Amino acid sequence: MIFIDACFGKPTPYTPVWMMRQAGRYLPEYMKVRSETGDFLSLCKDYKKASEVTLQPVDILGVDAAILFSDILVVPMEMGMELKFVKGEGPLFPKPIATMEDLDRLSSDKAIKNLSYVYDTIKLTREKLPQDKALIGFCGAPWTIATYMIEGGSTKTYNICKKMVYDNPQFLHAILRKVTNALKLYLSEQIKAGVNAVQIFDSWAGALEKSAYMEFGFSYINEIVDYLKSNFPDIAVIVFPKGIGGFLEDISGNFDVLGVDWSTPLKSVKNSLGKKYVLQGNMEPARLYSKDAIDDGVDEILSIMGGKRHIFNLGHGILPDIPVENAKYFIKSVQEKSAKYAK
């Protein structure tokens, strides 16, 4: 698989490309399936429908890898937390974690068992996916998941979580420990079900100062990575800590690929970490509104990376109102233009 070869830094005939949130609202085909299932969580739990939308971007856009259709918050939900998706507000935990008693009511073992619909989605998708296309599994990083569990939903200030960082760090570590233990098992089950790579999303990494992030964020990511590499040494592991461009010198671990968000200069990351890790990213998602902007963005990133030790992606998820024609144009542009660098 060209994608897996690229994850391990092997030469490839062109730079493989996929997009975060590539199975989503910008595709009419996705919206049709979504309307048939009712709500978002029902779609996640219907393994046949979830597999169908996982495969759509491969068939429609020609991306080099499919990423499992699910959500990072199914883990705390299946641990025992009530989860709702409220239109206009996003995910909501009506009863956030506030005490040790709240935490003690959650079960990692229960979650791993209850998440069988995710593993069924993977098995069915891997059966239907062309053998030369990779299937990526994923989870949220412990810090990002914990912010939702503690705040009760999305937040711009993280004030409850941040207060805990400095006022009650022991409790925060207890939450992160429980989530981390669940995620180790969750990703292991995904790998056993048939994914070829896994990505750990730390969407809110940039919410913390460096010392706090290293303690409460990245250390737990590395624990998961080490666990996976000791048990599944051949699996490709991608880490995507969004918003940490200011402390790249502290990034280190046994993962294979480092995802770079669009606000972090790719050249700086290449200079500091490009020899140690394959880099993934990092085109500004809004460039997909314009084909001229796509061309300029693709050319710039290819000139920086030279078609080597790189997986092309957006620097965050594709926006819901991007024209499908432009998404197709982006994928084809990367594959055709990058092939010239491989010669």
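At 56% relative accessibility, aspartate 167 counts as exposed, where exposed means over 50% relative accessible area, buried under 20%, and partly exposed in between (1.4 Å probe, protein chains only). This aspartate belongs to helix α10; helices (H or I, at least four residues) and strands (E, at least two) are DSSP runs, numbered from the N terminus. The model is a predicted one, so local features need pLDDT of at least 70 and side-chain atom pairs count only at pLDDT 80 or more, while totals for chains, interfaces and linings use all residues. Residues are numbered from 1 along each chain as its sequence is written, and side-chain values use heavy atoms, with hydrogens and water left out.

**Overall build**

- The protein has 15 helices and nine strands.
- Its radius of gyration is 19 Å, close to the 20 Å that the globule rule gives for 343 residues, so the protein is as compact as a globular protein of that length. The radius is taken over C-alpha atoms, and the rule is 2.2 Å times the number of residues to the power 0.38.
- Along the principal axes, the C-alpha trace spans about 60 × 45 × 40 Å.
- Of the 343 residues, 59% are buried.
- Among contacts with a separation of 6 or more, 73% come from residues 24 or more positions apart; a contact means heavy atoms within 4.5 Å.

**Surface and charge**

- About 14100 Å² of the protein is exposed, and carbon and sulfur atoms supply 50% of that area. Accessible areas come from the Shrake-Rupley method with a 1.4 Å probe; for residues, only the protein chains shown count as cover.
- There are 41 positive and 41 negative side chains, and the centres of the two sets lie 2 Å apart.
- In that tally Lys and Arg are positive and Asp and Glu negative, while His and the chain ends are not counted. Each charge is placed at NZ of Lys, CZ of Arg, CG of Asp or CD of Glu.

**Salt bridges**

- Side chains of opposite charge can pair when their charged atoms come close.
- The structure holds 14 salt bridges, each being a side-chain nitrogen of Lys or Arg within 4 Å of a carboxyl oxygen of Asp or Glu.
- One of them joins lysine 210 to aspartate 250, with the closest N and O atoms 3.3 Å apart. This pair links distant parts of the chain, 40 residues apart: lysine 210 sits in helix α12 (residues 210-231), and aspartate 250 in the loop between β6 (236-241) and β7 (257-260). Lysine 210 is partly exposed at 35% relative accessibility, and aspartate 250 is partly exposed at 31%.
- Another joins aspartate 295 to lysine 337, where the closest N and O atoms are 3.5 Å apart. Here too distant parts of the chain are linked, with aspartate 295 in helix α14 (residues 291-305) and lysine 337 in helix α15 (residues 324-342), 42 residues apart. Aspartate 295 counts as buried, at 18% relative accessibility.
- Glutamate 336 and lysine 332 also meet in a salt bridge, at 3.9 Å from N to O. Both lie in helix α15, four residues apart, about one turn of the helix. Glutamate 336 is partly exposed, with a relative accessible area of 47%.
- Lys32, Glu36 and Lys49 are joined into one network by salt bridges that share partners.

**Backbone details to look at**

- The peptide bond from glycine 281 to asparagine 282 is cis, with omega near -10°. Asparagine 282 is part of strand β8 (residues 278-283).
- Arginine 21 has a positive phi, near 65°, in a residue other than glycine. Its place is the loop between α1 (2-7) and α2 (28-37), and arginine 21 is exposed at 52% relative accessibility.
- Tyrosine 158 also has a positive phi, near 55°. This tyrosine is in the loop between α9 (142-151) and α10 (159-167), and it counts as buried at 9% relative accessibility.

**Around α9 and α10**

- Helix α9 is mostly covered, with 10 of its 10 residues buried. Among them are Trp143, Tyr148, Met149 and Glu151.
- Just after α9, glycine 152 takes a positive phi of about 90°.
- Back at aspartate 167, the C-alpha atom lies 20 Å in space from that of valine 179, with their positions 12 residues apart in sequence.
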